[in-house]
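Me: I'd like to go through this model with you, a few questions at a time. Could you pull it up first?

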Amino acid sequence: QAKRQGRNRAVPFQNEFVDGVSRRVQLVAELRRALERDEFVPVFQPLFDGLDRPVALETLVRWRHPERGLLLPGEFIPVCEESGLIVELGRRVLDEAARHYRLLADAGLPALRVAVNVSPAQFNDDLVNHVRDTIKAHRLPGDVLELEITEGLLMQDPERAIELMRQIVDMGVSFSIDDFGTGYSSLAYLKRFPIDRLKIDRSFVRDLGSDDDDAAICNSIIGLAHALDIRTVAEGVETSMQLDWLRARHIDEVQGYLLGRPMPFEELLPLLMRHVERARVAAAL
Ligand code: C2E
Ligand code: MG
Ligand code: MG
Ligand code: MG
């Protein structure tokens, strides 16, 4: 009843705040239970090189909620980060990514990189150990694994980040900067870190055809990255116009709905098989 009234009335700030807090507390309890019940599942989005070949998969987590259906990370990752649950969730996702890589490799498919998003709270000695254990447990070639981190993480404690990254890179693993361009770091600054790739944030890709500023930003990111020997990836490619524009500027890899949506593992297999078959036919011609 209070709710019905609240809709037509100005709700005092205090109540809204208390509501928000208790909703959050409830969500944390629910997330804990979801971890216990194994309700988090990975989906995989393919990345393609300049010749339209799938070269990598990004692992993206979903929450298979018993009542609300499949939930996107935007609904629960922020609370996982605040509550520290992201550490356990991140371990599960990394493990699932490695397990699925093993399934693909055992099915005889060509090796793809497998990328996993890593939150700042996960970035400590534990991650180094967990990466080492995961590589071993799933017989994962180190160079197959890619960790996606954000600029913010590198700004917090650069010296420590470099130290941890070096230990992980020593296992063959590579790093990419996710959502590049949305933070405050310059490429010159990033060069201090062992980074293989920049993923240009999809907000710059979206208006490539219509916004000259976005085009200029993409252009200079690609140019400078290449000059510094860093590969480039465009996120959120939805149109062939965007794809053509980026390829004309020698973008190394593209990811987006145009070429492949995030999908469950079962759908990934036929997609990859089709590409293997296409390559076989092309080689025979
Ligand atoms: P992200 O790492 O930048 O991942 C790319 C996001 O863009 C994904 O959203 C993907 O579904 C979406 N996307 C891909 N192509 C297109 C496109 O063409 N158009 C549009 N509009 N969107 C596209 P998603 O799956 O909702 O994930 C959102 C964010 O949640 C991710 O952004 C990542 O930061 C975070 N996230 C996802 N899984 C994990 C995880 O396992 N651990 C952590 N720490 N974060 C995760
Ligand atoms: Mg990512
Ligand atoms: Mg991104
Ligand atoms: Mg992101």
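Reply: Here are some questions and answers on the metal site, a strand residue, a helix pair and the cores.

Reply: Ground rules: this is a predicted model, where local features need pLDDT of at least 70, side-chain atom pairs count only at pLDDT 80 or more, and totals for chains, interfaces and linings use all residues. Residues are numbered from 1 along each chain as its sequence is written, chains are lettered from A and ligands numbered from 1 in the order in which they are written, and side-chain values use heavy atoms, with hydrogens and water left out.

Me: Which residue bridges the magnesium ion (ligand 3) and the magnesium ion (ligand 2)?

Reply: Donors here are N, O and S atoms within 2.8 Å of the metal (3.2 Å for Na, K and Ca); water is not among the atoms, so sites may look incomplete. For ligand 3, the protein donors come from Asp178 (OD), Asp179 (OD) and Glu235 (OE, listed twice), at 1.8 to 2.7 Å. The two magnesium ions lie 4.2 Å apart, and the residue bridging them is Asp178.

Me: Is Glu235 buried or exposed?

Reply: The cut-offs are under 20% relative accessible area for buried, over 50% for exposed, and partly exposed in between (1.4 Å probe, protein chains only). Asp179, at 27%, counts as partly exposed. Glu235 has 10% relative accessibility, so it counts as buried.

Me: How far apart in space are Phe180 and Ile200, C-alpha to C-alpha?

Reply: Phe180 sits in strand S6 (strands are DSSP runs of E, at least two residues; helices are H or I, at least four; both are numbered from the N terminus). Leaving aside neighbours within four places in sequence, its contacts (heavy atoms within 4.5 Å) include Ile200, Phe204 and Ile221. Phe180 and Ile200 are 20 residues apart in sequence, but in space the C-alpha to C-alpha distance is 4.8 Å.

Me: At what angle do H4 and helix H12 pack?

Reply: The contact uses His100, Leu103 and Leu104 of H4 and Phe265, Leu269 and Leu272 of H12. Axes are lines fitted to C-alpha atoms, for helices over the stretch in contact, and angles run from 0 to 180 degrees between N-to-C directions. With the axes 12 Å apart, the packing angle is about 35°.

Me: Which helix gives the largest share of the largest nonpolar core?

Reply: A nonpolar core joins buried Ala, Val, Leu, Ile, Met, Phe, Trp, Tyr and Cys residues through side-chain atoms within 4.5 Å. The largest one has 69 residues, and Phe76 and Leu89 are among those touching the most other members. Its largest share, seven residues, comes from helix H4.
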